[in-house]
Structures are given as C-alpha cells and as structure tokens.
Amino acid sequence: MRIEKQYMSTENKTALITGASSGIGKATAVHLAEMGYQLVLCGRNTLNLNEVALSLSKKTKVYTLLFDVADKAAVSDAIASLKAPFNEIDVLVNNAGNAHGLDLFQDASLEDWDAMIDINVKGLLYVTKAVLPGMLSRNKGHIIHIGSTAGKEVYPKGNVYCASKHAVDAINSAMRIDLNGTGIKVGAIHPGLVETSFSEVRFKGDQDRAAQVYKGFTPLQASDIADMIGFVISRPYHVNIADLIVMPTAQANSTTLFKGS
Ligand code: 8X3
C-alpha cells in the first residue's frame, strides 16, 4: 500500500507559543522562525517578549500577545483579538509552566501550589480552549503540550509540581481521544533536566542553588527541546507523535542522574 506523504508546509502557517520570552518557549520561537512559521508569541514580560519578537522580525512575521495564562478572561480576549494573518493558528505550543518550590508536602506553601496549578494546568486549559474553535472549524491544527518527566513519575518534594505535570499528561491523552476524527493532532513532549531559568524560578531567585541542579553532567538545552518540537510538527499528516520523553544522556529518570562525567 502506498501511503501518500503530506509533509506540513510552513508557508503562511502560524504557530502560537506560550511562555515565549525565555527558555524553551524562546528557543522554540527561534527554531520555528527558521522553519518559516509566522509567530504569535505570548508571555507576561513585555521587555523580553518584545526583544525576542524584534530579533525574529527579520526572519518572519511576528505578533506579540501579553497576558497571563492563568487569567481566564485575559486569555480569551487576547486570542479573540488576533487578526489576519495571525488569527488562524496551525500549531499551538503550550509551553508556559513553572515550578514553585521544592519542599516536603507538609512544608510546602499553598501559594506555590496555587501558582503551579493555575499556570501549568488551568493556564494550559484556558489557552487550548481559546485556540481550539478555530482549529475545529478548519479541521486541522497541531497542539503540543510541554509536559515533564515529572508528569510520568513523582520524586521527593516534587508533590504538586509533579501532580500538575501528571495533569498535563492526562489532558494530552484525553484530548487525543475527544478530538479523534477532527483532523487535529495532539501530542506532548516531556523534558527531563533542561538548563533554563526553571530552577531559578523554582528556588525563587537563588542562583547558586539553581546552578547546582545542572552541575556535573551535560543537561539538555532549550534548543534541544525546540529541535524536538520542530521534528514533531514536520512529520507527514498521517504521523502523530503522541508522547515523547526527552532526557539528558546522564539522566535515567527523575531520581537517577549520573554526575561526575
Ligand atoms: C523539569 C524536570 O526533573 O526538574 O520539569 O521536574 S524536573
């Protein structure tokens, strides 16, 4: 049987990336601009977001949307405000997400838990719900969730961060069932240790503690995950990468890491 290969052309295609002002989101913006996508870059940090947008504007059409993914009304208003040529989203990269704290369950703060559930879970749902109607009306689109190895297993003191990423894992699987037959692809990429500002945010600005996380081995870089996203969205139409776990070679799982190489 001959399977017709329908590679996704990027001509006039638009990708919307949340958390695009730094880390994996920023690297993804750079990578997708290279691939020829038009970009809608979303974030909360005006200065950083504009800087990314400006640097990519020589390569492709870029539009920025400033909103907090955890603010339901702001999310739907921002997505509804998109006009041509940015209003037909072909690829949604649900990247915005953070860890707040690394504490025993009994010591962790409710504020940290709220932040992780609001951003990592509710934020992802709000953005997806706002983007989906357009994809459904066109019977096409590709949604990529950035999960985590913390969504596949739990580790000491990871409690609610791990729970939030397990929720992303469940949402990814559930959406694939409910959207089956609509023509929309849904998949997740689950990174292990990636050297970004992730640990600095988790440890509330403690740079020394954050740097320790990535010492003694070669961690992934944000560009490694951007590269994976580029791969996933450039498969032929009949191929959907549903779930992809990516770790540094030195990492076997959340608690097994070979340091000293
Ligand atoms: C990032 C990976 O191991 O710090 O989500 O949770 S980990």
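This report describes the pockets, the cavity, the nonpolar core and some ring contacts of the structure above, which is a predicted model.

**Pockets and cavity**

The largest pocket has a volume of about 1100 Å³, and among its 47 lining residues Gly 97, Tyr 161, Thr 196, Phe 198 and Ser 199 are the closest to its centre. Two or more lining residues come from each of helix 1 (23-35), strand 2 (38-43), helix 5 (159-178), helix 6 (198-202) and helix 7 (207-213), and helix 6 supplies the largest share, four residues.

The second largest pocket, with a volume of about 160 Å³, is lined by 13 residues, and those nearest its centre are Asn 180, Gly 183, Ile 184, Lys 185 and Asn 240. Here strand 6 (residues 184-191) gives the largest share of the lining, three residues.

Across the whole structure, a search finds one cavity of 30 Å³ or more, and the largest cavity holds about 40 Å³ of space. Its lining consists of His 100, Gly 101, Leu 102, Asp 103, Ala 108, Asp 112, Trp 113, Met 116, Lys 157 and Asn 159, with the largest share, three residues, coming from helix 4 (residues 110-138).

The table sets out the classes of residue in each lining.

| Space | Nonpolar | Polar | Charged |
|---|---|---|---|
| Largest pocket | 21 residues | 20 residues | six residues |
| Second largest pocket | five residues | six residues | two residues |
| Largest cavity | four residues | three residues | three residues |

**Ring contacts**

The model contains three aromatic pairs, one of which joins Phe 105 and Trp 113, with ring centres 4.7 Å apart and 45° between the planes. This pair is classed as tilted, because an angle under 30 degrees would count as stacked and one over 60 as edge-to-face. The two partners can also be described by their accessibility: Phe 105 is exposed, with a relative accessible area of 52%, whereas Trp 113 is buried, with a relative accessible area of 15%. Trp 113 is also one of the residues that line the largest cavity.

Two arginines place their charged ends over aromatic rings. The charged end of Arg 202 sits over the ring of Tyr 161, at 5.0 Å from the ring centre, and Tyr 161 is itself among the residues closest to the centre of the largest pocket. In the other contact, the charged end of Arg 235 sits over the ring of Phe 231, 3.9 Å from its centre.

**Nonpolar core**

The largest nonpolar core comprises 30 residues, and those with the most contacts inside it are Ile 17, Leu 32, Leu 39, Leu 41, Ile 189 and Ile 225. The elements that contribute two or more residues to this core are strand 1 (14-17), helix 1, strand 2, helix 2 (46-56), strand 4 (91-94), strand 5 (141-146) and helix 8 (222-233), and the largest share, six residues, comes from helix 8. Helix 1 and strand 2, named here as contributors to the core, also each give two or more residues to the lining of the largest pocket.

**A loop residue**

Met 247 belongs to the loop between strand 9 (243-246) and strand 10 (251-253). Its relative accessibility is 28%, so Met 247 counts as partly exposed, a class that lies between buried, under 20%, and exposed, over 50%. Although Met 247 and Pro 191 are 56 residues apart along the chain, their C-alpha atoms are separated by 5.9 Å.

Key: Residues are numbered from 1 along each chain as its sequence is written. This is a predicted model: local features need pLDDT of at least 70, side-chain atom pairs count only at pLDDT 80 or more; totals for chains, interfaces and linings use all residues. Side-chain values use heavy atoms; hydrogens and water are left out. Rings of Phe, Tyr and Trp (its six-membered ring) pair if their centres lie within 6.5 Å; planes under 30 degrees apart count as stacked, over 60 as edge-to-face and the rest as tilted. Buried means under 20% relative accessible area, exposed over 50%, partly exposed in between (1.4 Å probe, protein chains only). A charge sits over a ring if NZ of Lys or CZ of Arg is within 6 Å of the ring centre and within 35 degrees of the ring normal. On a 1 Å grid over the protein atoms alone, a cavity is a set of points where a 1.4 Å probe fits but cannot get out, and a pocket is an open set with protein on both sides within 12 Å along at least five of seven lines; lining residues have an atom within 4 Å of a point. Grid points are joined across faces, edges and corners, and a volume is the space filled by probe spheres set on the points. Ala, Val, Leu, Ile, Met, Phe, Trp, Tyr, Cys and Pro count as nonpolar, Asp, Glu, Lys and Arg as charged, and the others, Gly among them, as polar. A nonpolar core is a set of buried Ala, Val, Leu, Ile, Met, Phe, Trp, Tyr and Cys residues joined through side-chain atoms within 4.5 Å.
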